[in-house]
Amino acid sequence: RQYVQHSYSDRSNDVIQNLTTSDENTLRLYKEDSVGGPFPIKLHIVLKVTEKLGQQHIISWLPHGRSFMIHRPREFEEEVMGKFFKQTKLT
């Protein structure tokens with residue numbers, strides 16, 4: 001049997017640390033309700049804002065924290081996409 005060596009470690013139970021100054025400066029470049037910006041940064045902002053607004057039933061991180069899920073695509077299109085993305089339909 002062959003095994004693959006990897007350096008993956010499950011971070012789902014890690015304690016969340018404060019953002020570094022560099023992270024904060026990067027996030028300041030992008031307003032929470034604006035369109036544009038690199039997708040990974042925008043995705044994190046979308047997930048953070050929807051969490052603040054109590055909309056985790058629409059989109060949220062999965063429990064292990066390594067991926068996200070759009071739970072209600074229609075509501076995502078109607079309530080979230082227009083605030084953050086140029087396109088307004090999931091494809």
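This report describes the fold of a predicted protein model, then a helix pair and two residues.

## Overall composition

The protein contains three helices and two strands. Read from the N terminus, the order of these elements is α-α-β-β-α.

The protein has 91 residues, of which 18% count as buried. Its exposed surface is about 7400 Å², and carbon and sulfur atoms supply 52% of that area. Taking contacts between residues at least 6 apart in sequence, 33% join residues at least 24 apart.

## Packing of helix 2 and helix 3

Helix 2 covers residues 39–52, and helix 3 covers residues 73–84. The two pack with their axes 11 Å apart, at an angle of about 130 degrees. An angle that is neither under 35 degrees, nor over 145, nor from 65 to 115 counts as oblique, so helix 2 and helix 3 are oblique to each other. Their crossing is right-handed. On the helix 2 side, the contact is made by Lys42, Ile45, Val46, Val49 and Thr50; helix 3 contributes Phe76, Val80 and Phe84.

## Threonine 50

Threonine 50 lies in helix 2 and is one of the residues through which that helix meets helix 3. The relative accessible area of threonine 50 is 1%. Buried means under 20%, so threonine 50 is classed as buried.

Not counting residues up to four places away in sequence, threonine 50 touches Gln55, Gln56, Ile59 and Val80. Of these, Val80 belongs to the helix 3 side of the helix contact. The side chain of threonine 50 also reaches the backbone oxygen of leucine 47, at 3.1 Å.

## Histidine 71

Histidine 71 sits in the loop between strand 2, residues 68–70, and helix 3. With a relative accessible area of 34%, histidine 71 falls between the limits of 20% for buried and 50% for exposed, and is therefore partly exposed.

Leaving aside neighbours within four places in sequence, the residues in contact with histidine 71 are Gln56, His57, Ile58, Ile59 and Ser60. With serine 60 there is a polar contact between the two side chains, at 2.7 Å. Glutamine 56 is 15 residues from histidine 71 in sequence, and the C-alpha to C-alpha separation of the pair is 8.4 Å.

## Residues shared by the two sites

Gln56 and Ile59 are among the residues touched by threonine 50, and both are also among the contacts of histidine 71.

Key:
Residues are numbered from 1 along each chain as its sequence is written. This is a predicted model: local features need pLDDT of at least 70, side-chain atom pairs count only at pLDDT 80 or more; totals for chains, interfaces and linings use all residues. Side-chain values use heavy atoms; hydrogens and water are left out. Helices (H or I, at least four residues) and strands (E, at least two) are DSSP runs, numbered from the N terminus. Buried means under 20% relative accessible area, exposed over 50%, partly exposed in between (1.4 Å probe, protein chains only). Contact means heavy atoms within 4.5 Å. Accessible areas come from the Shrake-Rupley method with a 1.4 Å probe; for residues, only the protein chains shown count as cover. A polar contact is a pair of N or O atoms within 3.5 Å; within protein, one must be able to donate a hydrogen and the other to accept it, and residues adjacent in sequence count only if both atoms are side-chain atoms. Axes are lines fitted to C-alpha atoms, for helices over the stretch in contact, and angles run from 0 to 180 degrees between N-to-C directions. A crossing is left-handed if the near helix is turned anticlockwise from the far one by less than a right angle, and right-handed if clockwise.
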